[in-house]
Amino acid sequence: MSNQDVKGISRRDFMKIAGLAGVALQAGGMVAGGVAAGKDPESYTGWESFNPGTQFFNRKPFEFEGPAHTPVGEVRRPSHLTDYVFGRVAMFQKALETHPNWAISDPLEDLEFPPPLLAFYKEFPERLEWDYKTFTETIPTNKEDAKIYGNNYLLANVYASGFSAVSAFLPTITDPPEVSDFNVKNAKGELKPIRPDPLPFKSPDLAAEFIKQIAHLYGATLVRITTANIDWHYGDGWRGTPEGYDHSKLPAHWKYAIMIGVPMEWDVVLSNPQFGTSDDAYNRVSIAALRLEGALKSMGYAARTNSPVTGYDLVEPPYAIQAGMGEVGRTGFCITPELGGNCRMAAVLTNLELAIDKPIKYGVAEFCTKCKICAEQCPSGAISMADSPDGLVIRGFEHWYINNGACYNFWRESMGPMGCRMCVANCPYSRKDNWMHNIARELDPRDPTGVFSSGLLWMQKNFFEHPTAEEYRRPPIGEFASYRPEPFYLHSETYLDVKVEYPTH
C-alpha cells in the first residue's frame, strides 16, 4: 500500500492513530483491571484478608449427613471438676496445700475430694499420678530451671504478655443465661436489654450467610454452624448460674452454635514448646466471638460467647467436628483442612434461626492411623500410639484422646510462656496457605489408594530434621529444645543486654 490517504488519512498517520488506539485500549484495560482488583477484597495490600476467602478449602465434596459422633456406650457429660484439666488441677493443688504431708501411697479419701473427682481418679489412676508429680516435682524444678535459663525466654514472655494484657479487660459472665444472654453491659457495667423486636431475616440460609461474612470481618478465619447438643455441655457450673440451677437441660434459647477459629502466629508456632504461646490466638478468637455476640444482640437475638478468655459452658471439639470445621485426629481435637491443628476456637450460642453445616470426612482418620508424628514428638507421651482408636472410649464416645494429666505436667516443665503445643506444630496438616501445601490438601483427600499420603509422610520423616521428644525436656534428660529455631524477634541475646545460659550435656 502506498503512502496515500486512506479515507482522507495517510498510511503513516493511520498507523500512528492505530498505535495510540492500541495504547488507549491497553490503558483502559488496565484501568478496568485496576477497578476490578480494587473491588476484590483478596487484593487488600498490607493487610490480611479476613473475608471468607480464608476458608479456602471446598468442603462440599466431603460432606455427609452425620451425625459426626455416635455413642458406643452411656454418654457422660463433661465436668469442670474432672475433664477440664485446669479445674481439676486447681482442686488438686488446693487439696495438697490443705494436706501438705499427703503422699501418693496414702488413701485418696484423705484429700477430701468431691465424689465426682474421687471417682474420676479411681477410674484414671494415671491422671492422679501425673497431677501429683506436677505439684510435688515438676513445678518446683521448673522454678529452679527458670533462675538459670529464664533469660532466654524473656522476649517470648513479652510477646505473650501483650495478648494477655488485652484479655484481662475482656468481659466475664456473672449472670445466668436467662439474664446475660438477653442483655448488654454498658460502659458503667449496667445491664441494658436487647431490642424486643429482632431484625427479621428472609431465611435461615441468608441469616447464616450474613453471620459468616461478618464473623470473618470480625477476625475469624474459619466459621461453621451447627445445632446445640447437651451431650457436649458441662454438667455443672455454667457461668453465672446460682446454686441449684438446673443443668439437666439446655436453656430454650441455646439453639445454634456458631463455631469460629483462628490460627496461632505461624512462625511462633514452629518454635514450640519453649517459645510458643497460645495467648495470641486465644485473645483474637475471643475478641472475634465477642464482636459477633455484640452484633447478634444488637439485632435482638440472645447470644453467649464460649472462648478461651471468657470461659466455657461446653467443650468445643465435638461442636466444631459436627459443624464440619474438620475431623477428630489422633490428638483428640479438631484437625481442619486450612489450619490443621493450629486452630483456636470459640463458640457463640444463639437463638437466631440459621442454616446449619454438615460434617465432613476428608481423610484425617486414615492419615492419623499411619502418621503418629504427634505421638512420637510428644514430650510427655500423652498422645496414644495405638494403631486405631478402637476401644479408646471417653464419656461414651470412641476416639483418640490425650492423657491431659501427662500433657499438663509438661506444660509446667517447659520454659517460656506456659504450655507445649508440639502436637500443633508438627502435625502435617498444620501448614501455611501456599501452592505446595495446597496441592497436598487437594490431592490427599481424593486419593483412594493412600499412596500420596504415604509418600508425604515418608518425605516428612526422612527429609526434615527435628529434635527427639526427649530433647524438649529439661536437663539432664533433654536440653529445652524447640521444634524449629525461634523467630529472630524473640531472641533475647540479640536484643537484650542480659546473660543467656544454654543447657549443656
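These exercises walk through one predicted model, each with a worked solution.

Residues are numbered from 1 along each chain as its sequence is written, and side-chain values use heavy atoms, with hydrogens and water left out. As the model is predicted, local features need pLDDT of at least 70 and side-chain atom pairs count only at pLDDT 80 or more, while totals for chains, interfaces and linings use all residues.

**Exercise 1. The whole chain**

Find how many helices and strands the chain has, and what share of its residues is buried.

Solution.
- Step one: set the terms. Helices (H or I, at least four residues) and strands (E, at least two) are DSSP runs, numbered from the N terminus.
- Step two: count. The chain has 17 helices and 12 strands.
- Step three: check burial. Buried means under 20% relative accessible area, exposed over 50%, and partly exposed in between (1.4 Å probe, protein chains only). Of the 505 residues, 48% count as buried.
- Step four: look at the surface. About 24,800 Å² is exposed, and carbon and sulfur atoms supply 59% of it. Accessible areas come from the Shrake-Rupley method with a 1.4 Å probe; for residues, only the protein chains shown count as cover.
- Step five: look at contacts, meaning heavy atoms within 4.5 Å. Among contacts with a separation of 6 or more, 74% join residues 24 or more positions apart.

**Exercise 2. The nonpolar cores**

Find which residues touch the most other members of the largest nonpolar core.

Solution.
- Step one: define the core. It is a set of buried Ala, Val, Leu, Ile, Met, Phe, Trp, Tyr and Cys residues joined through side-chain atoms within 4.5 Å.
- Step two: name the residues. The largest core has 81 residues, and Phe92, Phe113, Ile211, Ile258, Ile260, Leu296 and Leu354 touch the most other members.
- Step three: find the main contributor. Helix H9 (residues 279–298) gives the largest share of this core, seven residues.
- Step four: zoom in on Leu296. Leaving aside neighbours within four places in sequence, Leu296 contacts Ile211, Ile258, Tyr301, Ala303, Val348, Thr350 and Leu352.
- Step five: look elsewhere. A second, separate core of 24 residues includes Tyr319, Ile321, Leu339 and Met345.
- Background: in soluble globular proteins, nonpolar side chains tend to be buried together.

**Exercise 3. Two buried residues**

Decide where Gly405 and Asn152 sit, and what each one touches.

Solution.
- Step one: place Gly405. Gly405 belongs to helix H13 (residues 404–411). Its relative accessible area is 0%, so Gly405 is buried.
- Step two: list its contacts. Beyond residues up to four places away in sequence, Gly405 touches Arg88, Arg127, Trp130 and Asp131.
- Step three: compare sequence with space. Gly405 and Val89 are 316 residues apart in sequence, and 8.6 Å apart in space, C-alpha to C-alpha.
- Step four: place Asn152. Asn152 is in the loop between helix H4 (125–149) and helix H5 (154–167). Its relative accessibility is 7%, so Asn152 counts as buried.
- Step five: list its contacts. Apart from neighbours within four places in sequence, Asn152 touches Phe275, Leu490, Ser492, Val500 and Tyr502.

**Exercise 4. Backbone details**

Find which peptide bonds are cis before Pro67 and Pro273, and where Lys372 and Arg395 lie.

Solution.
- Step one: take Pro67. The bond from Gly66 to Pro67 is cis, with omega near 5°. Pro67 is in the loop between helix H1 (11–39) and helix H2 (85–98).
- Step two: take Pro273. The bond from Asn272 to Pro273 is cis, with omega near 5°. Pro273 is in the loop between helix H8 (266–269) and H9.
- Step three: take Lys372. Its phi is positive, about 65°, although Lys372 is not a glycine. Lys372 lies in the loop between H11 and H12. At a relative accessible area of 16%, Lys372 is buried.
- Step four: take Arg395. Its phi is near 55°, a positive value in a residue other than glycine. Arg395 is in the loop between strand S11 (393–394) and strand S12 (397–398). At a relative accessible area of 23%, Arg395 is partly exposed.
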